[in-house]
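Let's walk through this structure together, one region at a time. Keep the 3D view open as you read.

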Amino acid sequence: MSPLTQLFDRAFQPLAAAVAAKRIPGGVLGLVGRNGERITRAIGSAQLVPKVRPMTVETWFDLASLTKVIFTTPRILALAQDGIIDLDAPLISLLPDLRQYDANAWERKVTFRQCLGHQTPFPAVEPIYTYGRDPELLRAFILQREWRARDPVYSDINFILLGFAMERLSGKSIRAMEPGPGFAWFAEPDAAAATEDCTWRHRVLSGEVHDDNCSALQGAGHAGLFGTAASVLDFAWGLLDGTGASEQSIALMREPLSVTRTHGWELPYQGWSGGALCGPGTIGHTGFTGTGLWIDFDKGQAWTLLTNRIHPTRHFDSGIVQLRQAVGDLINGAQ
């Protein structure tokens, strides 16, 4: 048995325990090591209601906010490297109509880099979908709304606006853009991990985006990407071996913009999702549906934990925070 397999077996135990305790229906853990060796294993159910389906390593997941780091961040950084955008320029360089009726509005001063690092005063949560289901009307609403300034927090609005900028630049909607190798904007329902029994769409979601705002916008920069454990590990390995993005873009993904954040990604801090034993060369991100990806550049390894922890409802303490941390600690050598 290889050292990586031994490491993986230990790290898989908390996932197996969470499924056995019925805290989550199922999940897939994937790990790729320094030499490219990888292991993936599935457990539990991809769906419980209205029918039961088993989880497999080929199951497609709604990656939720992993969209921010797998899709949006690399594309914004590539546009910056190509000189098409200036990260320190305000968003109005591509979105001149942002708060167009107030030339002094603070929103008109927000930059691309600030959005990538969640250093803006936008709110953490905003139920945009409750204002209607016309995607163009909602785009106009987001651009023209007078947002109340708050202390900077992690906010989907940052990446929704980055998505708008990409749409404006390309002339395509997000869902008309190429999602990347191994990724998609939808999945076959019977091939996907089910998420929530949605209270406003009146059905169990499987293969369609869970995020309410992304659904109403019919595609956005903050959520909506689907992938498998294999495609997520492929993406991570591309960053580790330097083939998945330019050296400059990878450097920015690792460059701190604050104590806890880089361009798009999170850095280790006390209580973060990757556990207490991650080294400083690690970046990571999570998704609301129960997904996560962590990349350790110093050790040359990455791991992804993909679960359907909100199936059939988000209103339940799945213990996902503790599960992610336990898996991360075991991958990083905890006994």
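**Around a buried glutamine**

Setting aside neighbours up to four places away in sequence, Gln-47 makes contact with Val-52, Arg-53, Ala-194, Val-204, Ser-206, Asn-308 and His-311. Please keep in mind that this is a predicted model. Gln-47 sits in strand E2, which covers residues 38–47. Is Gln-47 buried or exposed? With a relative accessible area of 5%, Gln-47 is buried, because the cut-off for that label is under 20%. Its side chain also has polar partners: a polar contact of 2.8 Å links the side chains of Gln-47 and Arg-53, and a polar atom of the Gln-47 side chain lies 2.9 Å from the backbone oxygen of Val-49.

Now look at Leu-48, in the loop between E2 and strand E3 (53–54). Leu-48 counts as partly exposed, at 35% relative accessibility. Not counting residues up to four places away in sequence, Leu-48 touches Pro-25 and His-311. For a sense of the fold, try Leu-48 and Pro-189: they are 141 residues apart in sequence, and their C-alpha atoms are 13 Å apart in space.

Next come the nonpolar cores. In soluble globular proteins, nonpolar side chains tend to be buried together. Here the largest nonpolar core has 69 residues, and those touching the most other members are Leu-63, Ile-70, Leu-87, Leu-161, Leu-239, Trp-265 and Ile-295. Which residues does Leu-161 contact, leaving aside its neighbours within four places in sequence? They are Leu-91, Leu-95, Leu-98, Phe-122, Ile-142 and Leu-143. A second, separate core of 22 residues has Leu-4, Phe-12, Cys-278 and Ile-320 among its members.

Helix H8 (residues 247–254) is a nice place to see burial along a helix, with Ser-249, Ile-250, Leu-252 and Met-253 buried. These buried residues lie on the same side of H8, because they cover an arc of only 160° around the axis. An α-helix has 3.6 residues a turn, so residues three or four places apart point the same way. The cover over the buried residues of H8 includes helix H2 (66–81), helix H3 (112–116), helix H7 (229–241) and strand E9 (282–287).

Finally, turn to the largest pocket, whose volume is about 760 Å³. Its lining has 34 residues, of which Ser-65, Val-125, Tyr-154, Asp-156 and Phe-288 are the closest to its centre. Helix H5 (156–170), helix H6 (212–217), E9 and helix H9 (320–331) are the elements that give two or more residues to this lining. The largest share, four residues, comes from H9.

Notes
Residues numbered from 1 in each chain as written. Predicted model: local features only at pLDDT ≥ 70, side-chain atom pairs only at ≥ 80, totals over all residues. Heavy atoms only, no water. Core = buried A, V, L, I, M, F, W, Y, C linked by side-chain atoms within 4.5 Å. Buried < 20%, exposed > 50% of the residue type's maximum accessible area, 1.4 Å probe, protein only. Contact = heavy atoms within 4.5 Å. Arc of directions from axis to C-beta. Polar contact = N/O pair within 3.5 Å; in protein donor to acceptor, adjacent residues only side chain to side chain. 1 Å grid on protein atoms, 1.4 Å probe; cavity = no way out; pocket = protein on both sides within 12 Å on 5 of 7 lines; lining within 4 Å. Points joined across faces, edges and corners; volume = space filled by probe spheres on them.
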